[in-house]
Amino acid sequence: QVQLVESGGGLVQSGGSLRLSCAASAFTFSRYAMLWYRQAPGKERDFVARITYPSGVTTYADAVKGRFTISRDNAKNTVSLQMNSLKSEDTAVYYCKLQILGWPPENYWGQGTQVTVSS
């Protein structure tokens, strides 16, 4: 069972920056993606960003393009989300997901980390 642990959340003023990290326990899948989602109070969980392995292709939600950057450290099985120019609407619990590419699909979620942006 793969375990994911997020860290780096906190309280930041509007316009500030935060860096989230997600550490995955050891696994040996050859093709996978690591993603960030977020869920604001009373709203659905929304996609934020994705990075694939081995290609390293990144994808972003329109709401965060140009402000957030997803990156990975394959040796450490970690993925990070650098968040700049934060806005109050970025306030949410941020979740990391490991998506195993193939059949049958497998997904693993972290427990989430709170990000609060004060205006």
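Two residues are said to be in contact here when heavy atoms of one lie within 4.5 Å of heavy atoms of the other. With that meaning in hand, this report looks at a predicted model, beginning with a single arginine and moving on to a sheet, a core and a disulfide.

**The arginine R67**

R67 touches Q82, M83, N84, S85, L86, K87 and D90, when residues up to four places away in sequence are not counted. This arginine sits in the loop between β6 (58-60) and β7. Is R67 buried or exposed? Its relative accessibility is 11%, and because buried means under 20%, R67 counts as buried. The side chain of R67 also reaches backbone oxygens, one belonging to A63 at 2.9 Å and another belonging to S85, which lies 3.0 Å from a polar atom of that side chain.

**A sheet of four strands**

The loop that holds R67 leads to β7, and β7 belongs to an open sheet of 4 strands, in the order β1-β3-β8-β7, with antiparallel pairing. In general, strands of a sheet pair through backbone hydrogen bonds, and the pairing may be parallel or antiparallel. The edge strands of this sheet are β1 (4-7) and β7, each of which pairs on one side only. Neighbouring strands are turned against each other by 15 degrees on average, when direction is ignored. Between β7 and β8 the antiparallel pairing runs over 6 bridges, and R72 has V79, in β8, as its bridge partner.

**The nonpolar core**

The largest nonpolar core has 31 residues, and those that touch the most other members are L4, M34, W36, L81, M83, Y94 and L98. Several strands, among them β3 (18-24), β4 (32-39), β5 (45-53) and β8 (78-83), each supply at least two residues of this core. Which strand gives the most to the core? That strand is β9, with 5 residues.

L98 can serve as an example of a core member. Leaving aside neighbours within four places in sequence, L98 is in contact with V2, L4, F27, Y32, A33, M34, E106, N107 and Y108. One of these partners, E106, is found in strand β10 (residues 106-109). E106 is partly exposed, with a relative accessible area of 31%. Apart from residues up to four places away in sequence, E106 touches F29, L98, Q99 and I100, and its side chain makes a polar contact with the side chain of Y108 at 2.6 Å. The C-alpha atoms of E106 and L18, which are 88 residues apart along the chain, are separated by 29 Å.

**The disulfide**

How many disulfides does a search of the whole structure find? The search finds 1, and this disulfide joins C22 to C96. A disulfide is a covalent bond between the sulfur atoms of two cysteines. The link of C22 and C96 is left-handed, with -80 degrees about the S-S bond. Because C22 lies in strand β3 and C96 in strand β9, the pair ties together parts that are 74 residues apart in sequence. Both C22 and C96 are buried.

The table gathers some of the distances described above, together with the sulfur distance of the disulfide.

| From | To | Distance |
|---|---|---|
| R67 side chain | A63 backbone oxygen | 2.9 Å |
| R67 side chain, polar atom | S85 backbone oxygen | 3.0 Å |
| E106 side chain | Y108 side chain | 2.6 Å |
| C22 S | C96 S | 2.1 Å |

Notes: Residues are numbered from 1 along each chain as its sequence is written. This is a predicted model: local features need pLDDT of at least 70, side-chain atom pairs count only at pLDDT 80 or more; totals for chains, interfaces and linings use all residues. Side-chain values use heavy atoms; hydrogens and water are left out. A nonpolar core is a set of buried Ala, Val, Leu, Ile, Met, Phe, Trp, Tyr and Cys residues joined through side-chain atoms within 4.5 Å. Buried means under 20% relative accessible area, exposed over 50%, partly exposed in between (1.4 Å probe, protein chains only). Two strands pair if DSSP finds at least two bridges between them. Axes are lines fitted to C-alpha atoms, for helices over the stretch in contact, and angles run from 0 to 180 degrees between N-to-C directions. A polar contact is a pair of N or O atoms within 3.5 Å; within protein, one must be able to donate a hydrogen and the other to accept it, and residues adjacent in sequence count only if both atoms are side-chain atoms. A disulfide is a pair of cysteine sulfur atoms within 2.5 Å.
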